[in-house]
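The following note offers a colleague's reading of selected parts of the structure. The points are best read with the sequence and the coordinates at hand.

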Amino acid sequence: MFKLSSNDISNKLEKLGLEEDIGCSSSSINNNNNNNNNNNNNNNNNSNEDGIKKYTSPIKVIGVQGNSCIGFSPDDSRFAFVSGNGSIYIAKDMKNDSFEIENVLTGHSHSVDCLLFHPKDPILVSGGFDGIFIWDYIKGFIIKKVLTHKDVDSHDSKVEALAWLYNGTSLVTGSKDSTIKIWDFIEQGYPLLETIAAHKAPVTCFSVNNESNILASAGRDSSVKVWDISTLRPEFRGKRSDDSSIKVTIQSTLEGHMGDVVSMYFSRDGSMLFSGARDNEIKVWSIKEQSEIRSIKQHKGDVTCLKLLGKDQSILMTSSIDGTVKSIRLGKIKSLIGNDVLQIEELTKEAQIIESQAISGNISINSINDINDPNAGEYLDIGLGGGGIGDDVNSDKDKVLFSFELHDGTGIGAMSFSNSLKLMATSADRSIRIWRLPTSNYSDKPILIHEFVGHRGPVNTVQILPNSNSILSGSTDYNVFLYNLNTMKREMVFNFEGSVYTMCVASKNNQTIVFVGGNHYDIKGYLINQNDDNNNFNNNNNQLPIVQFNGHSGKVQTIAINSDCTMLVSGGNDFDILVWQIKMPYVYRGGDEFNQLQKPINRQSFHKGHITGLCFSDNGKYLISSSTDHSIVLWMVNSNGKKISREITIEHAHNSVVSAISFGHGQISSQFFYSGSWEGSIRVFDTSNLKKCSKSIHEFKAHNSRLSSLTVSSDGSILIASFSDGIIKTFSSVRPWSPIAVYSPNENTSCNALSSNSSFFVSGSDNGLIRCWPTGNEPIN
């Protein structure tokens, strides 16, 4: 069989005559694999003749595709899922109840509907709107693409289902175009073997039993079809090539579901097939009799995944759009023919016979393992132990051993199991959770060990925490998340109880607090960490407000804090700028009703529109504000830090709404402040001479759409601007303010927020994604 190993895959590519597409493969901001980073930069980031760098692929993307497809590698060392921009993340099991991102496979430009690890080689196959992608997931590049509507053998619509046959020698793909295609993974180049006009509607899922030589396919026509795939066995491939009339043949069609069939699973011996559908039912079919044996009605929504567990396969694990995962102990199963009863004891005997044949060498262990799992990797069945199914084996009723909402009531779109059956993963909306399964009793709830979570709404504000690998993000989903950039793990959650529009971070007296504003009107301060020996980073107390500021009568759109963390200012839709005194450290008092409630010490009501931006100068001497009334005001901060006074008013700073402002930083640009507007222009003002500060010293058209956010890198050298069409641009922060780079994430969705340090910046978008980009000034090591 033709194989691709991690050691010789590059040589094989040359022999195959296939193009090598390098995808993003950085595992952290401080990735030690400089070669991978250099490859990524060379492939995704080019310079035009004008010297402006072009970036299309970020260093990192934080966010999960809704109901992402998921899967474990055959050796359980890796786990794959899809981010919100269609990139496939390969996470490595660190063996300490945590996973770290190892590779990012970049190539899909639309959603990914299915993915599958090869049972033997370092290959992952993904399918979706773009077509079929074959990856080397270790080195992070594309081996082959079969693009929808572009390649001759491609499907005519998106690919929705994948399955391996006979230990990975063939790949089966199912599509929205109602066809099934079979691809040869023995021959070089993975040619198409056969196309089957399978269903009257899109093909949704497969299940394979290699020992019985049968493939089950299901679709949105509510039918299940069973196919004889014996001619695809490796030993019969020669006859196929000699006789073009040899094809996969239909064995039976199973009708009975009243909705789309979206999940299936064969029993170990291939005698029974379990199917789950959008009629909320699970049906059990006799393959021999080609008829329904029984129906299981335990869910109130689509049954999205099925898995038989236990040595005797008497436990059925199910997931559903109703939000639950259920462990069901199966009762006696009656046949419709002759009223025969197929009991659990008989299933156990059949399993023992198969195992004894394997021991004697008549059946390979790999063949047994291939029967049930599309990934076809070896796995260990786990029995229930004492007090298990034996106590009630003669019952003809199913018993639900547990029913849990593993995603807080959100519908579960996908469920996957490691081949050792030690871990289970679930996907719901924009979150993925990895669970440790009980080793002896499937009535116990799985234990959550890791999760990948994205925002469910637009990300309106982001903040890089200084001297750390963490970022904060706030969204209209009411939440502020603290992420670890290395692992992509969400480490803390703060529920603001309203849409989050703005935030800033203050660190003083061994205490770090994030201050959050939005449509709640009040500003809330949340303790991130307290740098002492008693700190519990995940203590629930830290997730409640430690201080609250009350005074606005409208949505809070912007907040800022001075460098010594003694003054906070806020502005919003009530046209007011409020000044608050900060006294850190704050002491947590035990609940919302005991929080320290603060009132403003100063109020300024000069602007005639919503306040869109506030920013302090590095030395804390000046504050600038912008508004929808097209004006900018430079304020002088009093020496006692309790009051601001209007110094300079720029009535018509722009010809449209001034949407963002920012001071420069350090010796390079701290004397300047910058403003951006809905007309896409940026203006530069110089505070070194206040008499001339009322007029800009430079103006340029940055882009042809609305400017949404503006920031300056922490070293003061780069000005970064984002726009409503998703484009981000960087410029020199000083004369001649020349353009440096353009960032195009290939999505027509607004980029709302920016935060930067000296080497990279993060952006937040309307689609809930957070991206990490290089500044373009120099490569990141």
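1. In this predicted model, the side chains of strand E62 are divided between two directions: Ile-770, Cys-772 and Pro-774 point one way, Arg-771 and Trp-773 point the other way, and all are buried. As a general rule, side chains in a regular strand alternate between the two faces of the sheet. E62 covers residues 770-774, and because five of its five residues are buried, the strand is largely enclosed by the rest of the structure.

2. E62 belongs to an open sheet of four strands, arranged in the order E4-E62-E61-E60 with antiparallel pairing. The edges are formed by strand E4 (60-62) and strand E60 (751-756), each of which pairs on one side only. From one strand to the next, the twist averages 20°.

3. The pairings within this sheet may be taken in turn. E4 and E62 are antiparallel and share three bridges; here Val-61 has Arg-771 of E62 as its bridge partner. E61 and E62 are joined in the antiparallel sense by five bridges, and Gly-764 is partnered by Ile-770 in E62. E60 pairs with strand E61 (residues 760-765), also antiparallel, over five bridges. In that pairing Ala-753 has Gly-764 of E61 as its bridge partner. Gly-764 is thus named in a bridge to Ile-770 and in a bridge to Ala-753.

4. The connection between E61 and E62 deserves inspection. This hairpin has four residues between the strands, and Gly-768 adopts a positive phi near 85° there. A further hairpin links strand E37 (residues 479-484) with strand E38 (residues 490-495), antiparallel strands joined by five bridges. Phe-481 stands opposite Val-493 in E38. Five residues lie between the strands of this hairpin, and Met-488 has a positive phi near 65°.

5. A second open sheet of four strands has the order E17-E18-E19-E20, again with antiparallel pairing. E17 and strand E20 (249-254) each have a single partner strand, so one side of each is left without a neighbour in the sheet. The twist averages 25° from one strand to the next. E18 and strand E19 (residues 224-228) run antiparallel and are joined by five bridges, with Leu-215 partnered by Trp-227 in E19.

6. Is Ser-217 buried or exposed? Ser-217, located in strand E18 (residues 214-219), has a relative accessible area of 0% and is therefore buried, the cut-off being under 20%. Beyond its sequence neighbours up to four places away, Ser-217 touches Ile-180, His-199, Cys-205, Phe-206, Ser-223, Val-224, Lys-225, Trp-227 and Met-264. Thr-253 is 36 residues from Ser-217 in sequence, while their C-alpha atoms are 9.7 Å apart.

7. The second largest pocket has a volume of about 1,200 Å³. Its lining comprises 44 residues, and Asp-113, Val-262, Thr-304, Gly-413 and Ala-414 lie nearest its centre. Elements giving two or more residues to this lining include strand E13 (159-165), strand E17 (203-209), strand E21 (261-266) and strand E25 (303-309). Which strand gives the most to the lining? E9 does, with six residues. By character, the lining residues of this pocket divide into 22 nonpolar, 14 polar and eight charged.

How values were computed:
Residues numbered from 1 in each chain as written. Predicted model: local features only at pLDDT ≥ 70, side-chain atom pairs only at ≥ 80, totals over all residues. Heavy atoms only, no water. Pairing = 2+ DSSP bridges. Axes fitted to C-alpha atoms, helices over the stretch in contact; angles between N-to-C directions. 1 Å grid on protein atoms, 1.4 Å probe; cavity = no way out; pocket = protein on both sides within 12 Å on 5 of 7 lines; lining within 4 Å. Points joined across faces, edges and corners; volume = space filled by probe spheres on them. Nonpolar A, V, L, I, M, F, W, Y, C, P; charged D, E, K, R; others polar. Buried < 20%, exposed > 50% of the residue type's maximum accessible area, 1.4 Å probe, protein only. Contact = heavy atoms within 4.5 Å.
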